[in-house]
Amino acid sequence: MWADVTVLSEKASVELVRRLNYFPSNVNVFACLQCGKCTSGCTVMVLMENFPHKVVDMVRLGLVPELLKSDVIWACTQCQKCRDACPQKVNPSEVFIVLRNISIIGGGSVPDTYTSMLSKVLEYGFIQDAIEIVGSDSLTYDRLKLGLSQLNGPKDMDTFQANCMDAFQRGA
Ligand code: SF4
Ligand code: SF4
C-alpha cells in the first residue's frame, strides 16, 4: 500500500520554502522537469546514492528529513556542471548548499573529511601537498621531473589565515 505523500509533501514543502527563504538562493525546485541533464554530467554521479535530479525531486516532495539523514548532501563537489546543464535554471548545486545549511542549523555536523581538508588549507595553503606519481614506465615522478613548477603556498601565511577565517565567518 502506497503512503499518501501528497498531503505530507504539501506540509513539508511549505516548511521547506520557509527555510529556503532564509538563504540568498535562487533555487526553484518546482521548475524541475526531471529531464536528468544535471545527473548525466554530474562529477560524482557514481558515488551518490541519489543523483542530483532525484535530490531535487525529493526536496519538492518534502523528503528533506530523509536527505538530511543521508551523506548524499555532502558528496556534491560544487563543480557547477548541473547548474550549467539545467534548462530550467533550477541549480541543483545550490540545493545541496541549502540542504547543508539546514543540516548545520539543525544541529548536524560537517563530515570529518571537510574539516580535515579545511585544516590543511589553513595550515599549508593547499588541500593536499604535491605528491609523486608512478608512470607507465614504473618510474616515480614529482613535479620537477614532469617539468612543472614547484607549488608555493601563500607568501604571508598569517594574512592568508586571517582572510580565510574572515571569509568563513562571513559565510563566503
Ligand atoms: S537539469 Fe534541471 S530540469 Fe533537468 S532534472 Fe536537473 S534540475 Fe531538473
Ligand atoms: S555541483 Fe554537485 S550535483 Fe552538480 S554536477 Fe557538480 S557534483 Fe554533481
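Q: How many residues surround ligand 2, and which are the closest?

A: To read a binding site, start with the residues around the ligand. In this predicted model, ligand 2 has 14 residues around it, and the closest are Cys-42, Cys-76, Cys-79, Cys-82 and Ser-93.

Q: Which helices each supply at least two residues of that shell?

A: Next, trace the shell back to the elements it comes from. For ligand 2, α6 (81-85) and α7 (92-105) each give at least two residues. The largest share is that of α7, with 3 residues.

Q: What does the shell around ligand 2 look like by class?

A: Here you sort the residues by chemistry. The count is 8 nonpolar, 5 polar and 1 charged.

Q: Which residues are closest to ligand 1, and how many surround it?

A: Same approach, other ligand. Ligand 1 is surrounded by 16 residues, with Cys-32, Cys-35, Cys-38, His-53 and Cys-86 the closest. Both α2 (37-40) and α3 (52-60) supply at least two residues of this shell, and α3 has the largest share, 3 residues. Sorted by class, the shell holds 11 nonpolar, 4 polar and 1 charged residues.

Q: Where does Pro-87 sit, and is it buried or exposed?

A: For a single residue, look at its element and then count its neighbours. Pro-87 lies in the loop between α6 and α7. It counts as exposed because it has 11 C-beta neighbours inside 10 Å, and the cut-off for exposed is 12 or fewer.

Q: Which residues does Pro-87 contact, leaving aside its neighbours within four places in sequence?

A: Contacts of this kind show how the chain folds back on itself. Pro-87 is in contact with Cys-35 and Lys-37, once neighbours within four places in sequence are set aside. There is also a pairing to look at with Cys-32: the two residues are 55 residues apart along the chain, and their C-alpha atoms are separated by 8.7 Å.

Q: How many helices and strands are there in the protein?

A: Zoom out now and list the elements in order. The protein has 9 helices and 2 strands, and along the sequence they run α-α-α-α-α-α-α-α-β-β-α. For contacts with a separation of 6 or more, 65% are between residues 24 or more positions apart.

Q: Which residues of the largest nonpolar core touch the most other members?

A: The general idea comes first: in soluble globular proteins, nonpolar side chains tend to be buried together. In this protein, 19% of the 172 residues count as buried. The largest nonpolar core has 22 residues, and Val-29, Val-56, Val-59, Val-95 and Leu-99 touch the most other members. The elements giving two or more residues to this core are α3, α5 (72-75) and α7, with α7 providing the largest share, 5 residues. Take Val-95: apart from neighbours within four places in sequence, Val-95 contacts Val-27, Val-29, Val-55, Val-56 and Val-59.

Q: Which residues of α3 are buried?

A: With a helix, list the buried residues, then look down the axis. In α3 they are Pro-52, His-53, Val-55, Val-56, Val-59 and Arg-60. They fall within an arc of 160 degrees seen down the axis, so they line one face of the helix. Just after α3, Gly-62 has a positive phi of about 85 degrees.

Q: Where is confidence lowest, and where is it highest?

A: Check the average, then the extremes. The mean pLDDT of the protein is 82, and 83% of its residues reach 70 or more. Confidence is lowest in helix α1 (residues 5-20), at a mean of 52, and highest in strand β2 (residues 140-141), at 96. Over residues 1-9, pLDDT stays under 50, and the model has 4 contacts beyond four places in sequence for them.

Note on methods
Residues are numbered from 1 along each chain as its sequence is written. Chains are lettered from A and ligands numbered from 1 in the order in which they are written. This is a predicted model: local features need pLDDT of at least 70, side-chain atom pairs count only at pLDDT 80 or more; totals for chains, interfaces and linings use all residues. A residue is near a molecule or strand if its C-beta atom, placed from the backbone, lies within 6 Å of it. Helices (H or I, at least four residues) and strands (E, at least two) are DSSP runs, numbered from the N terminus. Ala, Val, Leu, Ile, Met, Phe, Trp, Tyr, Cys and Pro count as nonpolar, Asp, Glu, Lys and Arg as charged, and the others, Gly among them, as polar. pLDDT is the predictor's confidence in each residue, from 0 to 100. Two residues are in contact if their C-beta atoms, placed from the backbone, lie within 7 Å. A residue is buried if 20 or more other C-beta atoms lie within 10 Å of its own, exposed if 12 or fewer, and partly exposed in between; C-beta atoms are placed from the backbone. A nonpolar core is a set of buried Ala, Val, Leu, Ile, Met, Phe, Trp, Tyr and Cys residues joined through C-beta atoms within 7 Å. The arc is that of the directions from the helix axis to the C-beta atoms.
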